[in-house]
Amino acid sequence: IPTFMVSKLARDHVTVVLSGDGGDELFAGYTHYVVQESRRAISSLPKALRKNVMRPLSYRLPHGAWGRNYLHNISLDPIDRYLDSMSNFTALGKDSLYTSDFQKALGTKDHVARTFREFARRVKTNEPLDQLLYIDGKTYLPGDILVKVDRMSMATSLEVRVPLLDHKLIEFVTKVPASLKLAGTETKHLLRRVARDLIPAEILNRPKQGFGMPLEEWINQQLRDQIREILREPRTRQRGYVNSNYVDLILDEHHKGRRDHSFPLWTLLILELWHRRYMDHSPGAFEYNEWSAVPVSV
């Protein structure tokens, strides 16, 4: 929605624009890379300690216990740890969320994790950061970012060009040492140095700002009652995918302000609405009067 709105605004003035998409995946611009780098030392711990002591302990701790998710996350191998950190529901959360029948249907094979590990093996620099950049460049960038921008810009007849994804630039930057991309906690280190004399400092050094929808506001205010209603309706609970008790738990935690579950709740809501529209073939699945209260703006 934000991309559509800004594309529509740009189309009032121009027909072609330049996009910076790819910069984060090439030059390490996401703040979660900093988090992963800070946990690199954990990998030096014996795998037996992480797998046989730390991980079982994380499962035994009660839900909501301080440090439970962190303990489980650092018990994982680096690539699995990254996938766990980037998921709306962690491995611990999925164990509680999925019903036993759904878990059996899924089996033990984690196809997403296997794909992440395969991409990581293709990186020859032995730099963990380079593995994460390559994974995002093969998954999140083409499967989410570029699709979103292409569809929303073309919906407004706007042409978007992505100069940072020129293959010659990619070939060059992938040979640059990881330490020049992420220096301590400074993301896009090399790109910032290159642009230092071209871009004002207040722009160059400002904190990273996302470009998403105000989900927290919607869930906490305009959609507060509707989300509880939809996720607790009998037909939602009869899908057989998720445990109703766990959904109630995160709903209560969120609305009491104990934890922010905005993205997990949004994910469950959209899954249910999608199911009603495309699996149940319910023509009015999206025709909720309450959606009119959601402000579509950027």
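Here are some questions and answers about this predicted model.

Q: How many helices and how many strands are there in the chain?
A: Let's start with the overall layout of this predicted model. The C-alpha trace spans about 60 × 60 × 35 Å along its principal axes. As for the elements in the chain, the count is 19 helices and 2 strands.

Q: What average pLDDT does the chain have?
A: It helps to know how confident the predictor is before looking at details. Of the residues, 94% score at least 70, and the average for the chain is a pLDDT of 90.

Q: Over which residues is the pLDDT below 50?
A: One stretch deserves a careful eye. Beyond near neighbours in sequence, this stretch has 21 contacts in the model. Its pLDDT is below 50, and the stretch covers residues 288–298.

Q: What share of the residues of the chain count as buried?
A: The accessible surface of the chain comes to about 17,900 Å², and 56% of that surface belongs to carbon and sulfur atoms. To count as buried, a residue must have under 20% relative accessible area. Of the 298 residues, the buried share is 35%.

Q: Among contacts between residues at least 6 apart in sequence, what share join residues at least 24 apart?
A: This question asks how contacts are spread along the sequence. Taking contacts in the chain between residues at least 6 apart, the share that joins residues at least 24 apart is 67%.

Q: Is Lys-181 buried or exposed?
A: Lys-181 sits in the loop between α12 (167–173) and α13 (189–195). Its contacts, leaving out residues up to four places away in sequence, include Leu-26, Phe-27, Asp-130, Leu-133 and Glu-186. Because its relative accessibility is 2%, Lys-181 counts as buried.

Q: Which residue's backbone oxygen does the side chain of Lys-181 reach?
A: Among the residues that Lys-181 touches are Val-173, Thr-174 and Val-176. The side chain of Lys-181 comes to 3.1 Å from a backbone oxygen, and that oxygen belongs to Val-173.

Q: Which residue forms a salt bridge with Lys-208?
A: A search of the whole structure finds 20 salt bridges. In one of them, the closest N and O atoms are 3.1 Å apart, and the partner of Lys-208 is Asp-24.

Q: How many residues apart are Lys-208 and Asp-24, which form a salt bridge?
A: The closest N and O atoms of Lys-208 and Asp-24 are 3.1 Å apart. Lys-208 is in the loop between α14 (201–204) and α15 (215–222), while Asp-24 is in helix α2 (residues 23–27). The pair links distant parts of the chain, and the separation is 184 residues.

Q: Which of Lys-208 and Asp-24 counts as buried?
A: Under 20% relative accessible area is the cut-off for buried. Lys-208 has 47% relative accessibility, so Lys-208 counts as partly exposed. With 12% relative accessibility, the residue that counts as buried is Asp-24.

Q: Which residue's side chain meets that of Glu-186 in a salt bridge?
A: Glu-186 is partly exposed, with a relative accessible area of 22%. Its partner is also partly exposed, at 35%. The N to O distance of the salt bridge is 3.5 Å, and the partner is Arg-193.

Q: Which helices hold Asp-248 and Arg-232?
A: The side chains of Asp-248 and Arg-232 meet in a salt bridge at 3.0 Å, N to O. The two residues are 16 apart in sequence and lie in separate elements, so the pair ties those parts together: helix α18 (residues 244–255) for Asp-248 and helix α16 (residues 224–232) for Arg-232.

Q: Why do the buried residues Leu-215, Trp-218 and Ile-219 lie on the same side of α15?
A: In α15, Leu-215, Trp-218 and Ile-219 are buried. An α-helix has 3.6 residues a turn, so residues three or four places apart point the same way. The buried residues of α15 pack against α16, α18 and α19 (262–279). They share a side because the arc they cover around the axis is only 90 degrees.

Q: What is phi of Lys-188 near?
A: Lys-188 is found in the loop between α12 and α13. Its phi is positive although the residue is not glycine, and the value is near 50 degrees.

Key:
Residues are numbered from 1 along each chain as its sequence is written. This is a predicted model: local features need pLDDT of at least 70, side-chain atom pairs count only at pLDDT 80 or more; totals for chains, interfaces and linings use all residues. Side-chain values use heavy atoms; hydrogens and water are left out. Helices (H or I, at least four residues) and strands (E, at least two) are DSSP runs, numbered from the N terminus. Buried means under 20% relative accessible area, exposed over 50%, partly exposed in between (1.4 Å probe, protein chains only). A polar contact is a pair of N or O atoms within 3.5 Å; within protein, one must be able to donate a hydrogen and the other to accept it, and residues adjacent in sequence count only if both atoms are side-chain atoms. Contact means heavy atoms within 4.5 Å. A salt bridge is a side-chain nitrogen of Lys or Arg within 4 Å of a carboxyl oxygen of Asp or Glu. pLDDT is the predictor's confidence in each residue, from 0 to 100. Accessible areas come from the Shrake-Rupley method with a 1.4 Å probe; for residues, only the protein chains shown count as cover. The arc is that of the directions from the helix axis to the C-beta atoms.
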